[in-house]
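Here is a short tour to read alongside the sequence and the 3D view. It starts with charged pairs and then moves on to helix packing and the surface.

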Amino acid sequence: MFYWFTKTFVLGPVLRLLFRPWVKGLDNVPAEGAAILASNHLSFSDSIFMPVMVPRPVAFLAKSEYFTGTGIKGRLTAAFFRLTNQLPMDRSGGAASAQSLNAGMDVLKNGSLLGIYPEGTRSPDGRLYRGKVGVARLALQARVPVIPVAMIGTDKVQPIGKRVPNIRRIGMIFGEPLDFSRYYGMEDDRLIQRSVTDEIMYELMRLSGQEYVDEYAAAVKLRLAGKAQDAAPDKAPAGPDEVQDAAAGETPNKTQSETPNKSPNKTPNESPNETAAGEAGPEIPGTA
């Protein structure tokens, strides 16, 4: 009830009036039945704009820190996230993150829509980064279609670190559902997981027009945080949120180039020598 009321009478009207969102392909979202909405991630506000425009309720996996705050502000934040269909996600990686994904599986088993950010964290620079295979595992285990969603311009509305949003128009494109039924029964095959994830990322690249970087965004954030600390040694180190976001359960491929790929036409590809920890990181909305 709170979700419906807030979306219909509070957030929905305000966001439509101020940001005048344009939407393409909304009819690609099924009117009923389970599906995954896999989106690029440019801004904290992505988790607000997209559900407002989708007629059906959308549940998102949110970082568990939103649910464990103390004091009045922490309790209010936790209550808001629970009442708006957000599910706590453990970002420490490994078994804890895998267990948290079970909450997403429950959403799909109930025939609902699940929102996921395959990059695992917000893009640090507006480019599209390598996807984690958690989205593939969920899609194949639940045997549901994946609808790629491209958020447009939300990084200009609320850049990383900015609390008060800029008032400007944003958009979103819902691509045609991706059917992975040819891989059903092979959800534990790591090459299949990577192939499915890369196909999803290719569609996101095509819809959003973003430059693709064949590297995890979390690894880039960690490297940038290290450079910032080296440049300002007297500055306080990054807080636990920044460190957890950068790590996000990742063990990046050591053979990857330190220089991001510059070609916007590069197709996401396989790297079969990646470790399980690097692949199984969570998809977490709203992280730094």
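A salt bridge here is a side-chain nitrogen of Lys or Arg within 4 Å of a carboxyl oxygen of Asp or Glu. Please keep in mind that this is a predicted model.

**Charged pairs**

Side chains of opposite charge can pair when their charged atoms come close. How many salt bridges does a search of the whole structure find? The search turns up eight. Three of the pairs are set out below, including their N to O distances.

| Acidic residue | Basic residue | N to O distance |
|---|---|---|
| Asp125 | Arg127 | 3.0 Å |
| Glu199 | Arg182 | 2.7 Å |
| Glu203 | Arg206 | 2.8 Å |

Take the pair of Glu199 and Arg182, joined by a salt bridge at 2.7 Å. Glu199 sits in helix H7 (residues 190-208), while Arg182 is in the loop between strand E8 (171-174) and H7, so this salt bridge ties together parts that are 17 residues apart in sequence. Both partners can be reached from outside to some degree: Glu199 is partly exposed at 27% relative accessible area, and Arg182 is partly exposed at 46%.

Helix H7 also holds Glu203 and Arg206, whose side chains meet in a salt bridge of 2.8 Å. These two residues are three apart in the helix, which means that about one helical turn separates them. Is Glu203 buried or exposed? With a relative accessibility of 16%, Glu203 counts as buried, because buried means under 20%.

The third pair, Asp125 and Arg127, meets at 3.0 Å. Here the partners fall into separate classes: Asp125 is partly exposed, with a relative accessible area of 41%, whereas Arg127 is buried at 15%. Which residues are linked with Asp125 in a network of salt bridges? They are Arg127 and Glu211.

**How two helices pack**

The protein has 10 helices and nine strands. Helix H1 covers residues 2-19, and helix H2 covers residues 46-53. The axes of H1 and H2 are 9 Å apart and make an angle of about 105°. Angles of 65 to 115 degrees count as roughly perpendicular, and the two helices are therefore roughly perpendicular to each other.

On the H1 side, the residues that meet H2 are Tyr3, Lys7, Leu11, Gly12, Leu15, Arg16 and Phe19. Their counterparts in H2 are Ile48, Phe49, Pro51, Val52 and Met53. H2 is mostly covered, with seven of its eight residues buried. Among those buried residues are Phe49, Pro51, Val52 and Met53, which also meet H1. Asp46, Ser47 and Met50 are buried in H2 as well.

**The surface and the whole chain**

Where H1 begins, look for a nonpolar surface patch of about 610 Å², made by Met1, Trp4, Phe5, Phe9 and Val10. Phe5, one of the patch residues, belongs to H1 and is partly exposed, with a relative accessible area of 44%.

Stepping back, the protein has 288 residues, of which 49% are buried. Its accessible surface comes to about 13,200 Å², and 57% of that belongs to carbon and sulfur atoms. Finally, among contacts with a separation of 6 or more, 83% are between residues 24 or more positions apart.

Technical notes:
Residues are numbered from 1 along each chain as its sequence is written. This is a predicted model: local features need pLDDT of at least 70, side-chain atom pairs count only at pLDDT 80 or more; totals for chains, interfaces and linings use all residues. Side-chain values use heavy atoms; hydrogens and water are left out. Patches are made of residues with over 30% relative accessible area and no salt bridge: like charges are joined within 9 Å, nonpolar side chains (Val, Leu, Ile, Met, Phe, Trp, Tyr) within 5 Å. Accessible areas come from the Shrake-Rupley method with a 1.4 Å probe; for residues, only the protein chains shown count as cover. Helices (H or I, at least four residues) and strands (E, at least two) are DSSP runs, numbered from the N terminus. Buried means under 20% relative accessible area, exposed over 50%, partly exposed in between (1.4 Å probe, protein chains only). Contact means heavy atoms within 4.5 Å. Axes are lines fitted to C-alpha atoms, for helices over the stretch in contact, and angles run from 0 to 180 degrees between N-to-C directions. Angles under 35 degrees count as roughly parallel, over 145 as roughly antiparallel, 65 to 115 as roughly perpendicular and the rest as oblique.
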